[in-house]
Amino acid sequence: MTDTTALYVYALVPDRPGAADGVTGLDGRPLRLVAVAGTGVAALVHDGEPEPFQGGDEQVRRWVEEQSHAVTTVWERTGSALPMTFNVLVADEPPPGNGPGPGRGAEQRLTDWITSRATSLTNRLQELAGRCELRVEITLDRPAAPTTTPAQGTAATSAPETRSPGMLRLLGKQREQQARNAAGELADTLHARVRRRLLSVAEDLRDRAPTQRTSDETHVLSAALLVRHEDVDAVGTVLSQTRAEQPACRVRFLGPWPPYSFADTEHRFQSDEVAGEPPGRAPR
């Protein structure tokens, strides 16, 4: 084992010798696989000090992109991955009590953790094999969305032009609220329809907080999809159909990525973990 004080963990992957050859991570650090005997699982790591990466927003964004690129490269070579969050460090264990002997090294701690969960980790890696993550965000452009019935529209256009500025402002606010209400009702209908259609081509769907929305948009759906590689085009077809049926829809479609949203907490190393954003959330 390598003499080091800490391992920075990028992901758990199927043990494929050579899968990390030539791959670099944060600040160009060379990566390697720590294979765990008898499990078929390996950890993608770099060797370093037990200090988290800290810096300004731009620097952290660059690190996240470097981590994302490294994980994606090895994921493409191995066919599956359980990505870790940013800044997951496994440090050497302190000596127990006041005893003379050293504690477990970082690599031993990591391999012990993987061994203790080998069945769960292996099963999840098999379940994710040949799958990718897509991210979908749909909103409604309120100015382009239908807001009134024909009768309401006629009443609005036939209003006298001699009304006071105060009355015109009031009418403007009423029309704006009417547009918001109508868009909200339409968004609810679209959400149920699109969610059902996406689940017909995706294996899993997890709701996400909206990441992009302007002041004139109404949220419809924001989700991560777990999809077989061969079904990526089918997701695109569903979204194109949605856009054709309702031209006021704005659709953002990102990926394919390793399954960041589907590597559950139980499959991530927790000890010495420093909270951070999962790679892939930064702009690519």
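Helices here are DSSP runs of H or I with at least four residues, numbered from the N terminus. Keep that in mind for the first exercise, and remember that you're looking at a predicted model.

**Exercise 1. Work out how glutamate 127 and arginine 124 are placed in helix α3, and how exposed each one is.**

Step 1: Find the helix. α3 covers residues 118-128, and the two residues sit 3 apart in α3, so about one helical turn separates them.

Step 2: Look at the side chains. Glutamate 127 and arginine 124 form a salt bridge, with their closest N and O atoms 2.8 Å apart. Side chains of opposite charge can pair when their charged atoms come close.

Step 3: Check exposure. Buried means under 20% relative accessible area. Arginine 124 has 12%, so arginine 124 is buried. Glutamate 127, at 44%, is partly exposed.

**Exercise 2. Is glutamate 217 buried or exposed, and which side chains does it make polar contacts with?**

Step 1: Locate glutamate 217. You'll find this residue in strand β8.

Step 2: Read its accessibility. The value is 3%, so glutamate 217 counts as buried.

Step 3: List partners. One polar contact, of 3.0 Å, runs to the side chain of arginine 250. Another, of 3.3 Å, runs to the side chain of arginine 252.

**Exercise 3. Follow arginine 250 to aspartate 216: where does each one sit in the chain?**

Step 1: Start with the pair itself. Arginine 250 and aspartate 216 form a salt bridge, the closest N and O atoms being 3.5 Å apart.

Step 2: Place both ends. Arginine 250 is in strand β9, while aspartate 216 is in the loop between β7 (204-207) and β8; with their positions 34 residues apart, the pair links distant parts of the chain.

Step 3: Compare with the cut-offs. Arginine 250 is at 27% relative accessibility, so it counts as partly exposed. Aspartate 216, at 25%, is partly exposed too.

Step 4: Widen the view. Salt bridges with shared partners tie Asp141, Asp216, Glu217, Arg250 and Arg252 into one network.

**Exercise 4. Describe the largest nonpolar core and what leucine 225 touches.**

Step 1: Get the size. This core has 48 residues, and Tyr10, Leu140, Leu198, Leu225 and Val235 have the most contacts inside it.

Step 2: See what builds the core. Among the elements giving two or more residues are β1 (6-14), α5 (165-199) and β8 (217-228). The biggest contribution, 6 residues, comes from α1.

Step 3: Zoom in. Leaving aside neighbours within four places in sequence, leucine 225 has contacts including Val136, Leu198, Val235 and Phe262.

Terms used:
Residues are numbered from 1 along each chain as its sequence is written. This is a predicted model: local features need pLDDT of at least 70, side-chain atom pairs count only at pLDDT 80 or more; totals for chains, interfaces and linings use all residues. Side-chain values use heavy atoms; hydrogens and water are left out. A nonpolar core is a set of buried Ala, Val, Leu, Ile, Met, Phe, Trp, Tyr and Cys residues joined through side-chain atoms within 4.5 Å. Buried means under 20% relative accessible area, exposed over 50%, partly exposed in between (1.4 Å probe, protein chains only). Contact means heavy atoms within 4.5 Å. A polar contact is a pair of N or O atoms within 3.5 Å; within protein, one must be able to donate a hydrogen and the other to accept it, and residues adjacent in sequence count only if both atoms are side-chain atoms. A salt bridge is a side-chain nitrogen of Lys or Arg within 4 Å of a carboxyl oxygen of Asp or Glu.
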